[in-house]
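User: I am new to this structure and would like to go through the contact between two of its chains step by step. Please show it first.

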Amino acid sequence: MGKVTGFMEITREMPARRPPTERINDWFEIYLPFPEDKIRAQGSRCMDCGVPFCHTGCPLTNIIPDWNDLVYRGRWKEAVRQLHATNNFPEFTGRICPAPCEAACVLGINEPPVTIKQIEKTIIDRAFEEGYIHPEPAAVRTGKRVAVVGSGPAGLAAAQQLARAGHDVTVFEKNDRIGGLLRYGIPNFKMEKHLIERRLEQMRAEGVRFQTGAHVGVTIPATDLQKEFDALLLAGGAEQPRDLNVPGRHLKGIHFAMEFLPQQNRRCEGDPVPDEGAIVATGRRVVIIGGGDTGADCLGTSHRQKAAHITQFELLPKPPDERSPFTPWPLWPMQLRSESSHEEGGTRDWSISTIRFTGDDDGNVNQLHAVRVGPPPKFEPQPGTELTMDVDLVLLAMGFLGPVQNGMIEQLGVNLDARGNVATDENYISSVPGVFAAGDTRRGQSLVVWAIAEGRKAARAMDLHLMGETKLA
Amino acid sequence: MSELRVRQGLPAPQGLYDPRLEHDACGIGFVANIKGHRSHDILVKGIQVLINLTHRGACGCDPETGDGAGVLIQIPHAFFARECARLGFTLPPAGEYGVGMTFLPVERHPRLLCEGIIERIVCEEGLTVLGWRDTPIDGSAIGRVARASQPYIQQILVGRAKAMTEEELERKLYIVRKRAEAEIAASDVPDKDFFYIPSLSARTIVYKGLLLAPQIANFYPELSDPEVVSALCLVHQRFSTNTFPTWQLAHPFRYIAHNGEINTLRGNVNWMHARQSVLASPLFGGEIKKLFPIIQAGGSDSANFDNALELLIMGGRSIEHAMAMLIPEAWSSNPHMNPEKRAFYEYHASLMEPWDGPAAIAFTDGRSIGATLDRNGLRPARYLVTEDDLIIMASETGVLPVKPENVKLKGRLQPGKMLLVDTSEGRIISDKELKRSLYRRSPYELWLRENQITLDQLPEPGREHGTDHETILSRQRAFGYTDEDLRLIVAPMAEKGEEPVGSMGTDTPLACLSDKPQPLFNYFKQLFAQVTNPPIDPIREEMVMSLISYIGTERNILDETPQHCHTLKLPHPILTNTHLEKLRRVSRGDFLATTLPMLFASEEGAKGLARALDQLCRRASLAIKSGYTLLILSDRGIDPDYAPIPSLLALAAVHNHLVREETRTQVALIIESGEPREVMHFALLIGYGASAVNPYLAIETLEDMVKRGLLTPAITFEKALLNFKKSINKGLLKTFSKMGISTLQSYRGAQVFEAIGLNRDLVEKYFTGTVSRVEGVGLEVLAQEAILKHRHAFFPVTDSDTELAVGGNYQYRERGEYHLFNPLTISKLQHAVAQQNPQTFKEYTDLIDHKNRQLCTLRGLLEIKKSQHPIPIGEVEPAKEIVKRFATGAMSFGSISKEAHETLAIAMNRIGGKSNTGEGGEDEARFKPDASGDLRRSAVKQVASARFGVTTNYLVNADELQIKMAQGAKPGEGGQLPGHKVDQEIARVRHSIPGVGLISPPPHHDIYSIEDLAQLIYDLKNANPRARVSVKLVAEVGVGTVAAGVSKAHADVVLISGDSGGTGASPLSSIKHAGVPWELGLAETQQVLVLNDLRGRIRVQTDGKLQTGRDVTIAALLGAEEFGFSTAPLISMGCIMMRKCHLNTCPVGIATQDPELRKKFHGKPEDVINFFFFIAEQVRGYMAQMGFHTFDEMVGRVDMLDARLAIDHWKAKGLDLSMILYNPPTPSRIARRRIQPQDHGLSQALDYRLIDHAREAIDNATPLEIKLPIRNVHRTVGAMLSGEIARKYGSAGLAHNTIRFQFSGSAGQSFGAFLVKGVTLELEGDANDYVGKGLSGGKLIVYPPRNSTFLPEENILIGNTVLYGATSGEAYFNGMAGERFAVRNSGATAVVEGLGDHGCEYMTKGLVVVLGKTGRNFAAGMSGGIAYVLDEKGDFAEKRCNTAAVDLEPLAADEDVQQLYALIADHVAATGSPRGKWILEKWTEMLPRFVRVFPHEYKRVLGVPRLSERLAATA
């Protein structure tokens, strides 16, 4: 390790965000450039722990101390090799991961943790700039054919791994563009989409084939894939949103977040979005129900669409400002998080349960009725706290319930677990021979970093299944 | 060991007990009339010497049975003539017959068989049996146990053949004895183990037995017969670690009495065996084979040494010549040695390796008698010559009263020197004269010049291998390199030229339990010296160490020709590629090299490996037959088909094959391998017989790292290589020194390792003689491991896959090696104690216990049984009682912060457990409770080698005094606290100077042997009789026998530490590769203590990564009563295993002295208390399950443990823990836990009388002055008195000179130890070792008897290791001191008139004035304080002082001059020193000859520029 006393001398520093007043006028990423010497200094804050909790905190088990040190020493090329050893797509996680690694960082016990995520992002961005990233096609082809259903982070990670192991991989995507949630769920101001393109270019060169507009179970019978391919990976995400079954839910102007956010991403790509069915926040009074990341994405998108007024409700009580004693280090801390979108405006409120919507004569929602509730698990309504708000657009960002079941899953007849996810054994294999599952489809709604981790592990299991041995990590 | 035939008396190997591991140490001595006048008086005096050395011996469970004693005298002809006449036969004149002492079976029938065999052999050898004589003995004079095992003792009188000279007769008698030994050993005579021939000679006779010294004259009544006369008498009193009755192992042997231990025995014996094939001598002709085996099986190290010595003497060398061959002086790094003498030693070094280890050996061939010390001088030997031609040599002075006016001179043996009395010439031959006559025997210098070759003389090779950057990564993978190897091992070595340092202990699985493919090296653990044998400081005492070795065909050691030194001299064992090519192409003299491949076909698996090994051995034999003398075993040329054979396996296979073939000494084995890269690898290769190693891949790696910019830019490849070699060489010296071995030559083939997890077949075939006690993997798994690495190398998937494996051995890494303390277990433990949540604690312990069971520790493979009669948990002893058995580990204030240290102390005091000071002393402010009622005092006060802060007041404020012999993380090593960690407060507590670095020496300089340990225990008991004394050992094979010795040395507690214990800083190779798990050490200890019936008087504690209630329960069942914890309590207080303790950057304020970081400490005593109660509650759960009401019931109940078979693990499935679970079949009255206190023998202490005298003076601080006689049996005089005073007055003591005792006589060891302020001891006479040990403000004055006639400054007055660890006080010595005067002095002021080697070593504070000669290596490691040395000869700087750490300069400042003058004046006033007077008289003339010794570090702290800096500034 380079600098033994780095953490004692240097304080945590992140690149500045562009001012909210400026950034809500465009859809570009919000961070300003960060000079190399600064990021290297940040790398030197890593203490090279005897027991680095960060890389256990990371679902991908990124070997964080090693590349922190390499960045400190300016050894970018080796840093990216280390980074890629465990993570296929650091350019995604470096932008949109909530960074459980930083929550587990040992320095975080009594100081602000190392800026691990920023370092990760810098390594991979620089690696692309410097031309370190090139295709790594397999030396030997196995002749085995593998189908991956879904092109989100799990499917892509699996596809890349399998291709490198020498298999013929085809990725099926129901949408017109590759990327799944990365493409249509994540707003551009968090991650610009050209980042996906350059990675796809590498994967194509490594032999991965992509079929878009191919909705397995709808446009292509799932059983066809079973016949054509030696193995099949289900990585279609957990797209079944949690609904809010209250009176008035049917009113116009009440939408799932995943109806709202993809539209904006299409617009950003320059795709036409027909007025009919268009969901826009411009000039409207918006309520976002759900205090999580998706809610925050809706918030930032609404700001940029210039909503008149935005409120975000959360059912749970307001978390403490500091790490809760119930989630001591190195656990993921229960504490109030303020995303960049919150910095940009809007009102947040906690312990709010929506009890009904009322609408105008045209069937458009115009009022939301709610009540303050007590803490979980009972969420008891507090008498006398009923409230009513005027509202034009309600966005439901309350999480997801698992994979969509009609179509492919029905056709394959795979068993589901108690939560409605595809059940697999520890080798990612479902109840149907040759059919594997990974990512949200298997574990339910989760983080991108988990999706990549699942994709990699499933690929390893599939390679082992197909070849009897595997050298995939 | 298959060749081992257990000697009568020692039990057969059982469980973990192995009779090979017995140690002994002793008192030795001789008395002789220089003129050769025989008298009975010599014998009387000899026995008197023996009796006065009794305290150096020991007795076992039966206080009347000693460990053995004996005398060797000249054959009293008149006596035998008279006796034989009575028996009806006539003796020929003296010199024409031999007398044999024989031990025979007691039963008549087998005895007659033995006698018959002897008689037949005597006749066959052309001699005649004159008759037998029943040696009269008195069985009632000896102990019960001794009597039960007593052999039948007879003397045989053998007549010569006609016209035989005495020499020829002696040689014949030798043949007779060797033949009889071999024949009876091979026979099926019942009870043949009784058979033994103590001596059979025409000159000498040995009387010995399992006796205590005072018993010998009564047991052998003839020793009191006035006609039993001799001119010389060699005596020995044994202190053995065992209590088993062994008559044969008593000394003297035929030629020697030995105090010490041969560390390289395994190698020496092997090499001697290998040499037999070329042994020849015209003196024996064809009869030489009758002497085989030269080394008799089953003997002790001393017995084996005697065998080798005897061969050399009988082969025609003089006894002094033979001794100089076997135990040479340290010659190689002494530039001042006479070149002819160096040549003598160097010549003989090409004949044979030294028998290395601490030794004081007294020897005689019946005409000459003498003694020698090993190169380190680690055993005391004092002598005295009288005006009437008597010489008395003994381990101590004062063993025989001699009138002062009759004393001609008093001396001591110096390291590597020899004392010889030739009674036929009637004079003492000085070392100088004796060595001169040796080196002038032959033109050794010329022979060497003409025959010896160096690498430089060989022609440059045309071609050599370079670095192949293209393929290096895959080759690194094939040899199992990890990323950590590069980052944490190779890089630091290349950059700094030093072995990398780390901290905290190891918590990864044993190699045999790891899921990762391991290098074969990792299955071995380094052995190390503890108690019976001191480790060496290879840095500060470099002058005794040597890496030189000789390659070449060994020749007949009984001959002496120029060709004998036709060898290739290597300065160190690491060969660069150029060097190797030179050797490969060598064609000079006998040298001819061939390369044998160490590869096997990966496809063929284990069968392929076995075949390849067999083939390799066959090829080696063939190569020898074809005349090759250098065999290069090479694994160059691996490819996708061929994997490397583990280099150690290939080497050991060939080595042992050739040893068996007896051709081993005809070739040198050289390893050309990609595998070795760290110190342990090289140590193993050399330890199993390699002459040199070419680590080509490590070399390529260095170049590749330079090319890839992985090293600091300033480091070129050449520099990196130089540094790498330097690091490995330094590391090797360190590894040797841990075992107390000084030279590479004797380390080679010594096999000082223990294997863990290798199965019997593998060990017997390839690692013959190596200890491996839990079975384990065989060739099958070794092949699999090699193949896994090989595949990893040649078939990667992606770019990032071509990286090296992460490793994770030193730092936790996902996908790397498993660690017991990992993110999950650490956080669970912290959450459990912080939230006081037993459920979370259970989650924590489940994680560990479960993982353990799979693949981490030996205890994981044990299962705690359930009783058929469990009891309700409510009936089990409460947790608050159990926690009293818990202790925290010895972590010094200095290694951890004040906050952390005191939190632990408070926690342990609250629950009635014990915290430990560690070796950093303790602030006296902590001795009294705080206002809150909390006590920050540590119950256990550690006494470690540096004696930091060990004052009398410290000792009396302890409940337990713990002598740290070794530390789990780095057994056999010292330590270092860098200057930047020594702040004001630490310096105050440690009695040192802020900012000055502190060194802990590897050995305690007052413990070089078991009897020394007994002495320190006695010292500490005297200082504080209320504290129990504990001795901390580290588990390794043989620790049980050491523990038995510790019990016999009257310790109250023995602590067996596992290898996984932590450290604040230690070389990584030590953390990983030295010592064994506590399970093995504890089980062995329990078994050996029970077998010896020594368990009942000592408590057993264990520690080493104890983490859960299950761990504690298993330890208790294996025999522990108490338990130590360090890492887990630290983690409870917030430690997150940063492993940066050595860098002072602990981010949670525990292992740091940085004030900012210390603020981050948030640990609370409650956290620690919660941890201990959780553990205790879990233990209670297990106790209930087993049906134990009290903890005591559980101790040693090994029957409640089962071994699980790890059938599903590819490696662990071969393990067999039955030896750990062995339960010695002793009756129930033999205690299995401590049931009675030790008898410390304090009642005889002189101090009781002193205290009686001084009672009023102590109570009222009134002055007192008393005169008393003193003898050498009065040991540790003044310590108990001092303890009394310290208890009353604290460190302030009394006013100077309040209590004054004037003694006359010879004081015993530790005179004035721990003497406190206010007490003055004056001694007219002389004193033994350890005068003023731990001096704490008192005053010591020693001068020779007023009526003596010798010059005080030329005669030895006080022994070795004087003022060791003194913290304050004054001392005036009117005479010379021995070795290591003022070692680790940290505050005392002393004047002395001469001293031996290593004066003022490691001194950190204080003032020493030397008015006479100094030995070599003065001021080594001295970092503080000042010394003034009178350098009359002007050779001090050049020859005597080690200037690595000090500047030498004239006295300049007035105050310095005045101070020196005043001190000498005080000295004269106190002692009446004539020399002092003389110096003061000639003050202006003498002053310029004084040199001021000023440590660099001290100067730096004082802001005084160094001389060189001043010169630079003025230039």
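User: How many residues does each chain bring to the contact of chain B and chain A?

Analyst: This is a predicted model, in which local features need pLDDT of at least 70 and side-chain atom pairs count only at pLDDT 80 or more, while totals for chains, interfaces and linings use all residues. Residues are numbered from 1 along each chain as its sequence is written, chains are lettered from A in the order in which they are written, and side-chain values use heavy atoms, leaving out hydrogens and water. With contact taken as heavy atoms within 4.5 Å, chain B gives 41 residues and chain A gives 41 residues.

User: How many salt bridges does the rule find across the interface of chain B and chain A?

Analyst: The rule asks for a side-chain nitrogen of Lys or Arg within 4 Å of a carboxyl oxygen of Asp or Glu. One pair that forms a salt bridge is Lys1140(B) with Asp48(A), whose closest N and O atoms are 3.8 Å apart. Across the interface of chain B and chain A, the number found is five.

User: Which element gives the most to the side of chain B that touches chain A?

Analyst: Helices here are DSSP runs (H or I, at least four residues), numbered from the N terminus. Those elements that give two or more residues to this side are helix H14 (483-496) and helix H24 (823-835) of chain B. The one that gives the most, with six residues, is H24(B).
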